[in-house]
Amino acid sequence: PESLLRFPDGITGESFFQKNASNLTAKWVRKKLITNGEEKVNYILCQDVATLIYMINLGCIDLNPWNSRVGHLENPDYLIIDLDPEDISFEHVVKVALEFRKLFEKLDIPSFPKTSGARGMHLYIPMGAKYTYEQTRQFAELLGYHVLGEIPELTSMRRGPKERQGKVYLDYLQNSRGQT
């Protein structure tokens, strides 16, 4: 399922998120109705090149898929740790990513880095849809606290930007149902 971040006037224009595929969405685009409590959302499923081009034509510059696929919505394909810097250079983000890499190698955990936003980085660990979101989030939190213990001068687990000035926030909370 895709959450669309649309830029109808281009990258320098205003943007907005759209989760629910409106009745104006092309009939051939695959969708999935997903219930979350009281809320029902009809998400676009990007399953082919034609749908990808359709989303681009809607002004979607980046893609925002769920961390799980339709066949197993409750079990994520990836664990994600978001390295979110607060007023520090990307060089510090790289140092933190390398510290995670040391831990992952020690534990024989495969992982993949991906830049995010203007200055951050995401670290992906394949989970194979074997664990729940809660289990995945807890594991990400434990990994984060380990790295915090190794390099507390560069990292923080505090969510509030004012509480983590000059540090990289180790955001494990991306591991929730419906997050992108």
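## Exercises on helices, sheet and loops

In helix H2, Val96, Glu99, Phe100, Leu103 and Phe104 meet Leu143, Gly144, His146, Val147 and Glu150 of helix H3; here a contact means heavy atoms within 4.5 Å. The model is a predicted one, in which local features need pLDDT of at least 70 and side-chain atom pairs count only at pLDDT 80 or more, whereas totals for chains, interfaces and linings use all residues. Residues are numbered from 1 along each chain as its sequence is written, and side-chain values use heavy atoms, with hydrogens and water left out.

### Exercise 1: The chain as a whole

Find how many helices and strands the protein chain has, and in which pattern they follow along the sequence.

*Solution.*
- Step 1: Count the elements, which are DSSP runs numbered from the N terminus (helices are H or I with at least four residues, strands are E with at least two). The protein chain has three helices and nine strands.
- Step 2: Read along the sequence to get β-β-β-β-α-β-α-β-β-α-β-β.
- Step 3: Add the extent: the C-alpha atoms fill a box of roughly 50 × 40 × 30 Å along the principal axes.
- Step 4: Look at the contacts with a separation of 6 or more; 59% of them link residues 24 or more positions apart.

### Exercise 2: How H2 meets H3

Work out at what angle the axes of H2 and H3 cross, and with which handedness.

*Solution.*
- Step 1: Fit lines to the C-alpha atoms over the stretch in contact, and take the angle, from 0 to 180 degrees, between the N-to-C directions.
- Step 2: For H2 (residues 90-106) and H3 (residues 133-150), the axes come within 10 Å and cross at roughly 115°.
- Step 3: Assign the hand: a crossing is left-handed if the near helix is turned anticlockwise from the far one by less than a right angle, and right-handed if clockwise. The H2 and H3 crossing is right-handed.
- Step 4: Sort the residues of this contact: six are nonpolar, two polar and two charged. In this scheme Ala, Val, Leu, Ile, Met, Phe, Trp, Tyr, Cys and Pro are nonpolar, Asp, Glu, Lys and Arg are charged, and the others, Gly among them, are polar.

### Exercise 3: The sheet

Which strands stand at the edges of the open sheet?

*Solution.*
- Step 1: Recall that strands of a sheet pair through backbone hydrogen bonds, either parallel or antiparallel. Pairing here requires at least two DSSP bridges between two strands.
- Step 2: Write down the order of the five strands, E6-E7-E5-E9-E8, with mixed pairing. E6 and E8 (155-156) are the edge strands, each pairing on one side only.
- Step 3: Go to E7, which runs antiparallel to E5 with six bridges and antiparallel to E6 (residues 112-116) with five. Asp82 faces His122 of E7, and Ser116 faces Gly120 of E7.
- Step 4: Check burial (buried is under 20% relative accessible area, exposed over 50%, partly exposed in between, with a 1.4 Å probe and protein chains only). Six of the seven residues in E7 (residues 120-126) are buried, so the rest of the structure largely encloses this strand.
- Step 5: Add a helix. H3 lies across E5, E7, E8 and E9, at about 40° to E5.

### Exercise 4: Two serines in loops

Are Ser68 and Ser111 buried or exposed, and which polar contacts do their side chains make?

*Solution.*
- Step 1: Place them. Ser68 lies in the loop between H1 and E5, and Ser111 in the loop between H2 and E6.
- Step 2: Read the accessibilities. Ser68 counts as buried because its value is 2%, and Ser111 is buried at 15%.
- Step 3: Look for polar contacts (N or O atoms within 3.5 Å; within protein, one must be able to donate a hydrogen and the other to accept it, and residues adjacent in sequence count only if both atoms are side-chain atoms). A polar side-chain atom of Ser68 lies 2.8 Å from the backbone oxygen of Leu73, while the side chains of Ser111 and Arg101 are joined at 3.0 Å.
- Step 4: List neighbours, leaving out residues up to four places away in sequence. Ser111 touches Arg101, Phe104, Tyr124 and Ile125.
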